[in-house]
Amino acid sequence: MGISRSSRHKRSASGAQRPHYRKKRKFELGRQAASTKLGPKRVHTVRVRGGNLKYRALRLDSGNFAWASENTTRKTRILTVVYNASNNELVRTNTLVKGAIIQIDATPFRQWYEAHYAQPVTKKGVKKDTTEATEEKKLSNHAQRHVEEKKKDAKIDPLLESQFAAGRLYAAISSRPGQSGRSDGYVLEGKELEFYLRKIRTGKQKHAHGA
């Protein structure tokens with residue numbers, strides 16, 4: 001039997017079985033799930049209704065992620081999947097789907113922050129060489145005033161700061177890898193980050209008790 005997206009086989013709201021008045025139709029078809037995994041990029045094209053194309057990502061290892069509070073986006077590596085509300089199996093197998101919570105490499109965002117604000121993103125583990133390098137770089141009075149103005153807004157969430165120190169940021173995938181062939185998303189911040197950190201922590205505790 002082919003995969004069908006029709007709801008004619010489902011029962012009605014009252015629980016009655018619906019009558020079988022026709023067979024399956026081509027326009028009701030569904031396809032196998034892409035189950036996009038972490039790995040070197042591999043994307044297949046799929047010819048769909050109307051002669052259009054879908055891009056079925058089978059493996060991906062990077063994506064564009066937005067840091068909303070700083071209004072910047074950077075391409076970065078995806079490191080691992082840490083949480084999925086729908087199925088723990090998708091975490092264990094590192095499957096990339098929309099809504100999955102993942103860890104990404106913090107380096108591109110750290111480099112942008114340090115170039116933009118001319119100061120380290122976190123005080124933890126700052127090397128002396130970097131501070132000396134910034135002192136050596138001479139700026140005009142106008143450029144110096146511009147940098148000082150930007151530094152006034154250079155506030156960062158303590159939760160994000162600790163992630164930068166570890167070199168990994170939590171992010172959510174907002175694109176559909178099996179449809180668009182991309183795994184793009186946004187860096188988690190504020191209440192949303194706190195929520196998912198609680199979920200990840202409780203999940204780890206359950207596994208610890210189970211073992």
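This is a short walk through the strands and helices of one predicted model.

I'll start with the barrel. Five strands close on themselves in the order S4-S5-S6-S7-S8, and the pairing is mixed. On average, neighbouring strands in this sheet are turned by 50° against each other, ignoring direction.

Take S6, which covers residues 101-105. Is this strand mostly covered or mostly open? Mostly covered: 5 of its 5 residues are buried. On one hand, S6 pairs with S5, residues 72-83, through 4 bridges, and the two run antiparallel. If you want a specific pair to look at in the viewer, Thr 80 has Gln 103 in S6 as its bridge partner. S6 also pairs with S7, residues 168-173, again in the antiparallel sense, over 5 bridges. There, Ile 102 stands opposite Ala 171 of S7.

Now the parallel part. Which strand does S4 join in parallel, and by how many bridges? S4, residues 62-67, is joined to S8, residues 185-187, by 2 bridges. Within that pairing, Phe 65 has Gly 185 in S8 as its bridge partner. As a general reminder, strands of a sheet pair through backbone hydrogen bonds, whether parallel or antiparallel.

Next, the helices against this sheet. H2, residues 107-117, lies across S4, S5, S6, S7 and S8, and runs at about 145° to S5. H5, residues 158-166, packs on the sheet too, where it touches S4, S7 and S8. The direction of H5 makes about 115° with that of S7.

Moving on to the other sheet. This one is open, with 3 strands in the order S1-S3-S2, and its pairing is mixed as well. S1, residues 37-38, and S2 are the edge strands, each pairing on one side only. S1 and S3, the latter being residues 53-60, run parallel and are joined by 2 bridges. The residue pair to look for is Leu 38 with its bridge partner Leu 60 in S3.

Last item, the surface. Val 43, Leu 53 and Tyr 55 form a nonpolar patch there, and together they have about 240 Å² of accessible area. Of these, Val 43 is found in S2, residues 42-47. Why does Val 43 count as partly exposed? Because its relative accessibility is 30%, and the partly exposed class lies between under 20% for buried and over 50% for exposed.

To recap: a closed barrel of 5 strands, helices H2 and H5 against its strands, an open sheet of 3 strands, and a nonpolar surface patch that includes Val 43.

Notes. Residues are numbered from 1 along each chain as its sequence is written. This is a predicted model: local features need pLDDT of at least 70, side-chain atom pairs count only at pLDDT 80 or more; totals for chains, interfaces and linings use all residues. Side-chain values use heavy atoms; hydrogens and water are left out. Buried means under 20% relative accessible area, exposed over 50%, partly exposed in between (1.4 Å probe, protein chains only). Two strands pair if DSSP finds at least two bridges between them. Axes are lines fitted to C-alpha atoms, for helices over the stretch in contact, and angles run from 0 to 180 degrees between N-to-C directions. Contact means heavy atoms within 4.5 Å. Patches are made of residues with over 30% relative accessible area and no salt bridge: like charges are joined within 9 Å, nonpolar side chains (Val, Leu, Ile, Met, Phe, Trp, Tyr) within 5 Å. Accessible areas come from the Shrake-Rupley method with a 1.4 Å probe; for residues, only the protein chains shown count as cover. A salt bridge is a side-chain nitrogen of Lys or Arg within 4 Å of a carboxyl oxygen of Asp or Glu.
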